[in-house]
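The following note sets out comments on a single model, arranged as numbered points. It is meant to be read alongside the sequence and the coordinates.

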Amino acid sequence: MSQLPGIGKRTALRLVLHLLKQPKEQTAFLSQALLNMREDIKFCENCHNISDTKVCEICANYGRNHEVICVVEDIRDVMAIENTGQYKGIYHVLGGKISPIEGVGPSQLNISTLVEKVKSGKVTEIIFALSSTMEGDTTNFYIYKQIAETEIVISTIARGISVGDELEYADEITLGRSILHRVPFEKTFKNN
Ligand SMILES: [Zn+2]
């Protein structure tokens, strides 16, 4: 229990004591639910978002603009952006950020499928929405270098939030605004 993120030893103990007080079936039910989650979970074959179907609800929705792709780290970012109600394109979930310190290289992330999508010519705009940390910036730049030759618009969300803030914690209005007022990606590094 204490190995789960955000759960210290004390909370772990409280959870365990709680489970021990419950009828045995309750624990059996929880264990089975956890197992089912691991077994049944799928990743959308188009955007790599967590989904219980082959193609996620967002990708399957043809009311959305499939030519605009917002690049995010994981499902939490998808949920945060969806909550703003301001974005009508689709997503591409990388599954993490490039981090030499943590031993995460580009090949461990869903980058090649994004580059393929862009080169297929069906995409008009890519919006980078990774957190503005060193890892986020490195990842943006790595992807940018692979697609810079193409004709598509490459933008990044205009951040009203401070550097290093995770997307997840940005308030909906700020995040919604930053998507609407996105800026060309090149501007974020060429003038510096
Ligand atoms: Zn999808």
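The points below move from the chain as a whole to the metal site, the salt bridges and some individual residues.

1. Overall description. The model is predicted. The protein chain has 192 residues, of which 38% count as buried. Its secondary structure comprises eight helices and seven strands. The C-alpha trace spans about 60 × 35 × 35 Å along its principal axes. Among contacts with a separation of 6 or more, 57% involve residues 24 or more positions apart. The accessible surface comes to about 12,200 Å², and carbon and sulfur atoms contribute 54% of that area.

2. The zinc site. Four cysteines supply the protein donors of the zinc ion, namely C44, C47, C56 and C59, each through SG and at 2.3 Å. Their spacing in sequence follows the pattern C-x2-C-x8-C-x2-C. The pair C47 and C59 ties together parts that are 12 residues apart in sequence, because C47 belongs to the loop between β1 (42-43) and β2 (50-51) whereas C59 belongs to helix α3 (residues 57-60).

3. Geometry at the metal. Which arrangement do the four donor atoms around the zinc ion adopt? The angles they subtend run from 107 to 115°, and the arrangement is therefore tetrahedral. For four tetrahedral donors the ideal angle is 109.5 degrees.

4. Burial of the donors. Two of the donor residues may be considered for their accessibility. C47 has a relative accessibility of 1% and so counts as buried. C59 is likewise buried, its relative accessible area being 4%. The cut-off applied here is under 20% relative accessible area.

5. Backbone at H48. H48 is found in the loop between β1 and β2, the loop that also holds C47. Its phi is near 70°, a positive value in a residue other than glycine. Most residues other than glycine have a negative phi. A reader checking the backbone may wish to know whether H48 is buried or exposed. Its relative accessibility is 17%, so H48 counts as buried.

6. Salt bridge E82 to R64. The structure holds four salt bridges. One of them joins E82 and R64, with the closest N and O atoms 2.9 Å apart. This pair links distant parts of the chain, since E82 is in helix α4 and R64 is in the loop between α3 and β3 (65-72), 18 residues away in sequence. The partners differ in accessibility: E82 is partly exposed at 28% relative accessible area, while R64 is buried at 13%.

7. Salt bridge E73 to K97. A further salt bridge connects E73 with K97, where the closest N and O atoms lie 3.3 Å apart. Here too distant parts of the chain are linked: E73 is in the loop between β3 and α4, and K97 is in the loop between β4 (89-93) and α5 (112-119), 24 residues apart. E73 is buried, with a relative accessible area of 15%, and K97 is buried as well, with 14%.

8. Salt bridge D74 to R76. The side chains of D74 and R76 also meet in a salt bridge, at 2.8 Å from N to O. D74 counts as buried at 18% relative accessibility, whereas R76 is partly exposed at 41%.

9. Surroundings of G96. G96 is found in the loop between β4 and α5, which also contains K97. At 10% relative accessibility, G96 counts as buried. Leaving aside neighbours within four places in sequence, G96 is in contact with E73 and L109; E73 is the salt-bridge partner of K97. The C-alpha atoms of G96 and S132 are separated by 13 Å, and these residues are 36 apart along the chain.

10. Helix packing. Which residues of helix α7 (residues 172-180) are buried? They are T174, L175, G176, S178 and I179. These buried residues pack against α4 (75-84), the helix that carries E82.

11. Nonpolar surface patch. M1, L4, L13, L15, V16, L17 and L20 form a nonpolar patch on the surface, and together they have about 630 Å² of accessible area. One of these residues, L13, is found in helix α1 (residues 9-21).

How values were computed:
Residues numbered from 1 in each chain as written. Predicted model: local features only at pLDDT ≥ 70, side-chain atom pairs only at ≥ 80, totals over all residues. Heavy atoms only, no water. Donors = N, O, S within 2.8 Å, 3.2 Å for Na, K, Ca; no water. Tetrahedral: all angles 85-135°; square planar, octahedral: opposite > 155°, others 65-115°. Helix = DSSP H or I, 4+ residues; strand = E, 2+ residues; numbered from the N terminus. Buried < 20%, exposed > 50% of the residue type's maximum accessible area, 1.4 Å probe, protein only. Contact = heavy atoms within 4.5 Å. Patch = residues over 30% accessible without salt bridge, like charges linked within 9 Å, V, L, I, M, F, W, Y side chains within 5 Å. Areas by Shrake-Rupley, 256 points an atom, 1.4 Å probe, with all protein chains shown as cover.
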